[in-house]
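Morning, everyone. Please have a look at the structure on the screen, and then we'll go through a cavity and some helix contacts.

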Amino acid sequence: MQDPALRRSRTPTELQGLPRPGRCLVMGILNATPDSFSDGGLYADHRSAIDRGLQLAAQGADIVDVGGESTRPGARPVGLEEELARTIPVVRELARAGVCTSIDTMHAPVARAAVEAGARLVNDISGGLADPAMASTVAAADVPYVAMHWRAPSLEMDRHADYGDVVSDVNAELTCRLRQLTDQGVDPTRILLDPGLGFAKRPERDWTLLAHLGSLRQLGFPLLVGASRKRFIGAALASGGAGEVPPRGRDMATAAVCALAAVGGAFCVRVHDVRAGLDAVCMAAAYLEHCDRGRQPVGAGRELRP
Ligand code: PMM
C-alpha cells in the first residue's frame, strides 16, 4: 500500500551531510544508559562513553549513534533532564573530535540540543509519534532524520505486535508517518526509513521484514536496518542448534544479517560490533558489484540489487 505522491522513482544512494563511502553505511551504537538490553551500564559515564565513541569511529563506524534512553521491551522512560545530561556532552565531544554523530531520541528538545552540539542526524525510533514537536524541530534543524516503524512505548510494545501481512502493514504505517512528517515541513530528501526490527514485532515478523526489504525500498527512501543482537537473531541461533545465545554472543550472527540487509538494499546498518559490521557490508558491496557484471548469481533474485 504505497502513496504515489510520496514514492520516488529511485532510492537515493547518498544523503547530504552523511559520509559517502560507496557502500552501505555502518552506524556504531553508543548507549550512554545504565539499562540497555545488551550494553547497559558499560558507557554510563561521560568519559567512557566518549572513549567508546572514538573507538567505534576508529574501527570504521561511518556514524556513531548516541542514545540516552533504553528502548528494550519493558524499559521505563527517563526524564528529559536525565536524557540531556547523558547524551549532550558526549555528542559535543565526539562532534568536536570530527566524528559524524547521530542522536537516538524520541524527544524534540534532546534532538534540538544534540544538533546544536554537533549531531548530524536525528534517529527517532518513534518516527515522530512520541513527540508532536519532533517534525517541526527536524524541519528547522534541516538534518537527515530516521523515521522508524513504531507502535507504542517500550513498556507496552509487546501488546501491539499483531499484524495481518506484516510487510504491507509496516509499509502502510510508514507511509502514513511520511505523509505527516512532510506535511509538517520535513524535507523528504532528508528522510530515512527503518522497519523497526524487534519493536512491537515477534521474531518471525522480523525475519519476514528483513526478507522483504525490497518492498519497503519501493517507497524510494534510504533504509536503515537495526538488527544488532536482537531477539530474532537469538531465536534463529537457538533453532539452528546453537542453543540459547546471550545478546553479547550474537555479533557474528549480526554480521551475517548485516550482509543480508546490505544485499537487500539497506543504506545503513546499525551495529554494536563495528568491525564485524563493516566487514559484512564490504562483502555485500563486493558481491553486489559482481551481480552488476551481467551474470545472474545463483540463488539471488535481481530484485535484491539496490
Ligand atoms: N534499535 C534500538 C535502538 N535504536 N534505532 C533505529 N533507527 N533502529 C533500531 O532498530 C534501533 C534504534 C534498540 O537497540 P539497542 O538497545 O541495542 O540500541
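How do the residues of the lining of the second largest cavity divide into nonpolar, polar and charged? Hold that for a moment. One caution before the answer: this is a predicted model.

Cavities, then. Rolling a probe the size of a water molecule over the atoms shows where empty space is left. Searching the whole structure turns up two cavities of 30 Å³ or more. I'll take the second largest, with a volume of about 40 Å³. Its lining has Glu69, Thr71 and Glu83, then Asp104, Thr105 and Met106, and also Ile125. So here is the answer, by the usual classes, with Met and Ile counted as nonpolar and Asp and Glu as charged. Three lining residues of this second largest cavity are charged, two are polar and two are nonpolar.

Now the helices. Two packed helices are described by the angle between their axes and the distance between the axes.

Start with α3, residues 108–116, and α4, residues 134–141. Their axes are 9 Å apart, at an angle of about 15°. Angles under 35 degrees count as roughly parallel, and α3 and α4 are therefore roughly parallel to each other. The crossing of α3 past α4 is right-handed. Who makes the contact? On α3, look at Ala108, Ala111, Arg112 and Val115; on α4, at Met134, Thr137 and Ala141. By class, this contact of α3 with α4 has five nonpolar residues, one polar and one charged.

Next, α5 and α6. Helix α5 covers residues 166–183. The axes of α5 and α6 come within 9 Å and cross at roughly 75°. That makes α5 roughly perpendicular to α6. From α5, the contact uses Val166, Val167 and Val170; from α6, Arg205, Thr208 and Leu209. The α5 contact with α6 counts four nonpolar residues, one polar and one charged.

Stay on α6, residues 203–211, and bring in α8, residues 231–242. Here the angle is about 100°, with the axes 8 Å apart. That makes α6 roughly perpendicular to α8. Pro203, Asp206, Trp207 and Leu210 are the α6 residues that meet α8. Across from them, α8 brings Phe232, Ala235 and Ala236. Which classes make up this one? The contact of α6 with α8 has six nonpolar residues, one charged and no polar.

That's my tour. Over to you.

Note on methods:
Residues are numbered from 1 along each chain as its sequence is written. This is a predicted model: local features need pLDDT of at least 70, side-chain atom pairs count only at pLDDT 80 or more; totals for chains, interfaces and linings use all residues. Side-chain values use heavy atoms; hydrogens and water are left out. Axes are lines fitted to C-alpha atoms, for helices over the stretch in contact, and angles run from 0 to 180 degrees between N-to-C directions. Helices (H or I, at least four residues) and strands (E, at least two) are DSSP runs, numbered from the N terminus. Angles under 35 degrees count as roughly parallel, over 145 as roughly antiparallel, 65 to 115 as roughly perpendicular and the rest as oblique. A crossing is left-handed if the near helix is turned anticlockwise from the far one by less than a right angle, and right-handed if clockwise. Contact means heavy atoms within 4.5 Å. On a 1 Å grid over the protein atoms alone, a cavity is a set of points where a 1.4 Å probe fits but cannot get out, and a pocket is an open set with protein on both sides within 12 Å along at least five of seven lines; lining residues have an atom within 4 Å of a point. Grid points are joined across faces, edges and corners, and a volume is the space filled by probe spheres set on the points.
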